[in-house]
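Please open the model in a viewer and keep the selection panel at hand. The stops below are meant to be taken in order.

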Amino acid sequence: MEFIKKITSGIIAIKNGMEMIAKHAFRPAITVEYPEVKDEFNARLRGHIALTSNEDGSSKCIDCKSCVRVCPCSDLIKIKSHKDSDGQVIIDRFSIDLGRCIVCGNCVDICPKNALIMSNNYELAKYNKNDLIFEIDDLKLSYEETQHLLKELEKDL
Amino acid sequence: MYDLYLKLFTYLSLPKWLGIVSWPVIPFIGIAALMVLMVLFLVLLERKFLALLTIRKGPNRVGPYGLFQTVADAIKLLFKEDIIPTNTEKILFSIAPVVFFFPVMAVYGLIPFAHNWVAINASCGLILMLAISSVSILGLLSAGWASNNKYSILGAMRSVAQAISYELPLVLSALGIVVLSGTMNLNKIALGQENIFGWYIFPSFLGFIIFLICTLAELNRVPFDLPEAESELVSGYNTEYSGMKFALFFLAEYAALFVYSALIVTLFLGGYSSPFGGYIFGFLPYLKKIIFLEQAFWLMSKTFGIILLIMWTRATLPRLRADQLMSFSWKFLLPLSFLNLLFVALLKYFIG
């Protein structure tokens with residue numbers, strides 16, 4: 001009796017499984033065909049590091065070099081700046097070697113002015129190592145992008 | 001046709017004996033072409049169908065809807081370097097794919113694709129087919145042994161153990177059909193099932209199920225794919241193979257899938273005969289000459305039904321454990337197939 005029970009339960013299990021799989025055939029595929037179609041990611045995604053910007057397009061960076069000090073990869077971040085007549089800090093050069101960056105996010109955490117942020121961009125494939133040294137123009141997000149990211153991040157808090 | 005073929009030789013002023021010798025080779029050339037094309041199509045079908053069942057898209061990059069994916073793969077395999085690792089039995093290593101491939105190809109000649117359209121019309125076709133197809137196990141074992149690789153030898157040993165233990169229920173359930181039809185000629189077996197009510201699946205339904213399960217095991221397909229279990233053995237007996245030799249293994253596996261499905265159809269589902277009794281082409285006087293096309297159509301459609309069923313099970317069922325596999329065959333399928341044989345024999349004796 002036990003034996004027959006075992007067999008029937010096995011047959012029913014197989015039948016249920018086959019039915020379930022057959023139902024899947026009528027669903028649309030969930031595949032995202034990556035290079036053409038890109039998924040929307042959450043703002044918490046730790047993409048590569050980017051610079052935020054003010055409304056007028058200038059950087060929030062004050063050249064305090066906190067990020068340089070806290071970076072575990074020693075000399076990734078290079079900052080040069082000068083002060084204009086009003087005493088405002090103007091950034092001349094801000095570069096990050098993203099090829100060696102481990103995306104730990106320490107610089108983002110330490111930044112006193114929220115000048116650095118982790119963006120949603122994750123596509124970093126380049127043909128040349130030197131192309132991975134990102135200068136300020138490559139790193140800077142526009143004001144709208146910055147606001148969008150910050151708003152999305154606040155939602156999750 | 002034969003006379004026309006010989007006339008062609010005299011026309012081209014070639015010796016006549018060449019024509020006489022080469023005439024029986026022609027069906028085999030046709031079979032080889034059919035096999036390669038069928039495998040190319042089957043691989044694509046499997047990938048597309050599995051993708052459909054698992055909510056994916058499958059290959060869709062090469063050509064329209066990915067139709068040329070398998071062609072591209074085949075070309076890649078053909079041009080790949082043929083690596084023979086050190087410390088292998090070189091001769092055995094090279095022969096093994098051929099030994100595995102040859103029986104499958106020979107078996108193609110025994111399947112009746114339409115009435116009397118069979119390359120080798122042997123009176124004991126069924127037994128011959130089962131006998132020849134079991135030779136390919138030898139190829140697996142030699143491949144595993146010659147590779148000098150623990151994964152290969154483990155896969156080969158598993159495969160041999162599995163194939164031998166599942167051969168018994170397979171043959172016994174096929175024997176039920178021999179009892180029912182009174183012949184071992186596959187052509188006559190197909191002729192004996194003229195319409196859907198005459199199909200041998202109804203008197204020997206148990207036999208059909210057993211035969212299907214054993215076929216899955218013989219083909220090393222999921223849920224019985226232990227010989228090439230990716231997560232346990234790297235890829236079983238063909239771990240060390242690459243290039244053309246690997247392609248031969250691949251080809252033989254898919255060719256065997258088709259030929260076993262065709263065998264199931266011939267034994268249980270009426271073979272090339274129409275399920276409605278008569279043929280549509282039979283009613284029309286002009287089309288009577290190409291009635292074999294309709295017969296081939298019926299065989300192919302039924303065969304692809306079985307192939308899709310096998311792929312469906314692949315998408316559904318998980319892999320068995322090695323000891324479960326063995327006990328399932330010896331403790332469950334073998335007694336059941338004896339029971340089936342007894343039932344069929346009694347049915348034949350009392351009802352006729």
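The tour of this predicted model goes from the contact between the chains to a sheet, then to the nonpolar cores and a single arginine.

**Stop 1: the contact between the chains**

Display chain A and chain B together and select the residues at their contact: 10 come from chain A and 10 from chain B. Colour the side of chain A that touches chain B by class, and 6 nonpolar, 3 polar and 1 charged residues appear.

Next, select helix α1 of chain A, residues 2–24, and helix α13 of chain B, residues 291–316. Their axes lie 9 Å apart, and the helices pack at an angle of about 100°. Because of this angle, α1(A) is roughly perpendicular to α13(B). Show side chains for G17(A), M18(A) and I21(A) in α1(A), which meet W312(B), A315(B) and T316(B) in α13(B). By class, this contact of α1(A) with α13(B) has 4 nonpolar, 2 polar and no charged residues.

**Stop 2: a sheet in chain A**

Move to the open sheet of 3 strands in chain A, whose order is β2-β3-β5 and whose pairing is antiparallel. Select 77–83 for β2 and 133–134 for β5; these are the edge strands of chain A, each pairing on one side only. Then add strand β3 of chain A, residues 89–97, which pairs with β2(A) in the antiparallel sense over 7 bridges. To see one such position, pick K80(A): its bridge partner in β3(A) is R93(A).

**Stop 3: the nonpolar cores**

Which residues touch the most other members of the largest nonpolar core? Select I111(B), F211(B), A252(B), A255(B), F258(B), V259(B) and I264(B), which do so within a core of 89 residues. Helix α11 of chain B, residues 243–268, supplies the largest share of this core, 18 residues.

Centre the view on F211(B). Leaving aside neighbours within four places in sequence, F211(B) is in contact with L170(B), S173(B), A174(B), I264(B) and F268(B). Another core, of 16 residues, lies apart from the largest one; I77(A), I96(A), I117(A) and F134(A) are among its members.

**Stop 4: R158(B)**

Finally, select helix α8 of chain B, residues 150–181, and find R158(B) within it. Is R158(B) buried or exposed? R158(B) counts as buried because it has 26 C-beta neighbours inside 10 Å, where 20 or more are required. Not counting residues up to four places away in sequence, R158(B) touches L226(B), P227(B) and A322(B). For a distance to check, R158(B) and E294(B) are 136 residues apart along the chain, and their C-alpha atoms are separated by 41 Å.

Terms used:
Residues numbered from 1 in each chain as written. Chains lettered and ligands numbered in written order. Predicted model: local features only at pLDDT ≥ 70, side-chain atom pairs only at ≥ 80, totals over all residues. Contact = placed C-beta atoms within 7 Å. Nonpolar A, V, L, I, M, F, W, Y, C, P; charged D, E, K, R; others polar. Axes fitted to C-alpha atoms, helices over the stretch in contact; angles between N-to-C directions. Helix = DSSP H or I, 4+ residues; strand = E, 2+ residues; numbered from the N terminus. Parallel < 35°, antiparallel > 145°, perpendicular 65-115°, else oblique. Pairing = 2+ DSSP bridges. Core = buried A, V, L, I, M, F, W, Y, C linked by C-beta atoms within 7 Å. Buried ≥ 20, exposed ≤ 12 C-beta atoms within 10 Å, placed from the backbone.
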